[in-house]
Amino acid sequence: MTDARIAGHGGYLQEESGDLTDLKPVVKEATGQAVRRIGRFISLALIGAARCLGGQTPPPETAVYFTTGSGDFEVTVEVIEHLFRDGFPPKPLSFINTVSNAACFYVAKQFGLSGRSSCLGSKGFGFEAALQLAVLDLKTGVVKSALVGSADIVIPPLDAHRKRLGQPPGAPIAEAAHWLWLTADGEGPAVEAARFFTTRADLLAWIAAQDFDPETTLLAAPVDLAETSLTRRFDYLMGQPYHDSGSARAAGAFLAEAAPGERLVHIASDDEGRYAAFTVRA
Amino acid sequence: MRRAWFLGAGLHTTLGRGLPANLAALPAGPPEPGFTDVPLGEGVERTPTMLLADLPLEDVGTRLWRALEPVVEEAIAASGLTPAELERAALFLGSSSLDVSVSEAAYAQDLLVDPDARPLMANVAMGGLADTLRRRFGLRGPDFTVNTACTSSANALIYADAMIAEGLIDHALIVGLEIFNVITALGFQSLALLAPNGMRPFDPARAGLVLGEAAAALVVGAAPGPSRFRLIGGANLCDTHAVSAANPDGTTVAAVMRQALADAGLTTSDILAVKAHGTASLLNDEAEAAGIQQVFDDIPPLLAMKPFIGHTFGACGLAELLLVCAAAEAGRLPPHPGISATPGDLGLALNQTWAPVGRGAFLLNYFGFGGNNTSLVLAND
């Protein structure tokens, strides 16, 4: 099995604390054109994917694996308020866009893609779920090229939105989109593994079996993993505003700083002691 | 070979609770739809529906779980999984609207107390429903929520199969769920896609869809169980013709069917029957008919399960699959008396009788908003 080569990475991260950033010029700058009749959620997906591709053209059979913490809040809140508070039926396009995979459609359309298209979620492991399935498809030859990314929006009023996200009053929150372009062939940085572990013992056994070099391996993990020999830490979340798909930013943040040959081991966990890991080689 | 072998299933649709009740209802052909009145402002919108049997549209806040839990219990019990196997199983939830019915009920209640209440203050995580389901049934494996509109639970099966084939998991619980909600009902009403007189796929009199509900569950494993059914091929592609309709020339539909057949290593002559997506809408039936005719020189018996249970959206991938499998295991194909009895303007006719069928391969189509096209190939030989 081959690694999943990272052919591109990029994204968008903007703390929102008052009037929301106007995304229209950002979309235009990123994609080279104005895109009509899209809201913030689809805009963010397009911005992240365009910055990831950086002007390159992916093969038309490229697949899209997309994740989001809570989907298109903007349009869903609009539709549900119209229906229940105002007594209006939904606008047809607003209704269609309540389906979160509409963002996948606009990414595919923008970049001329016709491959597999999936909107995926997993509480606490959303990006890991999308990455795991993308890497699986790349390694088994089902796809040769994959865009893997996220989008999370903010809607006003911000205090209500913080509550939805489980964040305390006044906590910094952000809109964000983070994307990777993975290919089955090529040289350079790569996602080497993306795995899920039912128990801590399974995770630790896997880490031990990988024989990571502590000198060149950085560990990004929200939990103590003192049992491992990995002591170099990589804290890409420190000082960053909250958004649901935070771990989608890890690979790009690591590659921006890493020396060739360095490796990131990224671990996420939930409150039941389940774990997801992925590794990135610079 | 490690594939997603079908080990046990549960199903609740308008045809009945439990897989046996659903199978027993098939020989009679599609039932008549009902209607559900949906309050909107000062008025009421009447929507054609095929709601879950024996589960009235009451106490909406708990209705989702009253539908879902028994179906999952049915599937797990039929699968014979041990508690240890279940604990390590993965969960794949395919749904279009997830638990928005619960969010709607909560918001409606909040508005009674506070006219300035805000919606979606709970149940907002896309993976939240799967996480709750996983915990209720003691699963600790990975959980995936697949949200690709009407292909959701079909795509969930493709991913479960891939993870089993690669040895990443040994078992998976796949769930398809679609529960009546106001957003979906009045959204399709606003698109003028609802048909008051039932669904008539590929028929000259087709006029759109009926809102269906389904809770479906399937346990799959790497080794065969009593059923010989397993997934032997699948494909999912994106059609960027339009966000809400497939390309009417049929090319993108044909492409996904051909890729699924190639994945299965079969030719069209190997297919015993085709289960169409068959939404009975003008454009999508046109696209699917054109695609089927491009792929098949001789079209095998054609089935469409939405006239039986309505359009169950994200659940239709699994619910319609289970109906086809149940009928095929009984050695029969479901009949659609009077619907597309002869080829009309689209050139396709549906199977008309409770016809015998042998063991072999079946092709199932699913298409969804967002240009999401999926075909599955199942076999029971």
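Start with the residues that line the largest cavity: 15 are nonpolar, twelve are polar and three are charged. Keep in mind that this model is predicted.

**Stop 1: the largest cavity**

Select A:T76, A:T98, B:S96, B:S97 and B:V100. Among the 30 lining residues, these five lie nearest the centre of the largest cavity. Note the letters: both chain A and chain B appear in that list. The volume here is about 470 Å³.

Now colour the elements around this space. Which elements give two or more residues to the lining of the largest cavity? In chain A, pick helix 3 (73-86). In chain B, pick helix 4 (100-113) and helix 7 (182-190). Helix 7 of chain B gives the largest share, three residues.

Zoom out for a moment. How many cavities of 30 Å³ or more does a search of the whole structure find? The search finds six.

**Stop 2: the second largest cavity**

Move to chain B. Select B:S244, B:T279, B:N284, B:F367 and B:F369. They lie nearest the centre of the second largest cavity, which is lined by 19 residues. About 210 Å³ of space lies inside.

Next, show the strands. Strand 15 (361-368) and strand 16 (372-379) of chain B each give two or more residues to this lining. Then colour the lining of the second largest cavity by class. You should get eight nonpolar residues, ten polar ones and one charged one.

**Stop 3: the two domains of chain A**

Hide chain B. Colour residues 4-183 of chain A as domain 1, and residues 190-281 as domain 2, following the domain assignment. The centres of these two domains, taken over C-alpha atoms, are 23 Å apart.

Look at where they meet. In chain A, 29 residues of domain 1 are in contact with 28 residues of domain 2.

How much area do the two domains of chain A bury between them? The figure is about 2,300 Å². Of that area, 68% is on carbon and sulfur atoms. Now select A:F125, A:E128 and A:H178. These three supply 25% of the area that domain 1 of chain A buries against domain 2, more than any other three residues.

One last check at this boundary. How many salt bridges are counted between domain 1 and domain 2 of chain A? The count is zero.

Conventions:
Residues are numbered from 1 along each chain as its sequence is written. Chains are lettered from A and ligands numbered from 1 in the order in which they are written. This is a predicted model: local features need pLDDT of at least 70, side-chain atom pairs count only at pLDDT 80 or more; totals for chains, interfaces and linings use all residues. Side-chain values use heavy atoms; hydrogens and water are left out. On a 1 Å grid over the protein atoms alone, a cavity is a set of points where a 1.4 Å probe fits but cannot get out, and a pocket is an open set with protein on both sides within 12 Å along at least five of seven lines; lining residues have an atom within 4 Å of a point. Grid points are joined across faces, edges and corners, and a volume is the space filled by probe spheres set on the points. Helices (H or I, at least four residues) and strands (E, at least two) are DSSP runs, numbered from the N terminus. Ala, Val, Leu, Ile, Met, Phe, Trp, Tyr, Cys and Pro count as nonpolar, Asp, Glu, Lys and Arg as charged, and the others, Gly among them, as polar. Domain bounds come from an automatic or database domain assignment. Contact means heavy atoms within 4.5 Å. Buried area is the accessible area (1.4 Å probe) that two parts lose on being put together, summed over both. A salt bridge is a side-chain nitrogen of Lys or Arg within 4 Å of a carboxyl oxygen of Asp or Glu.
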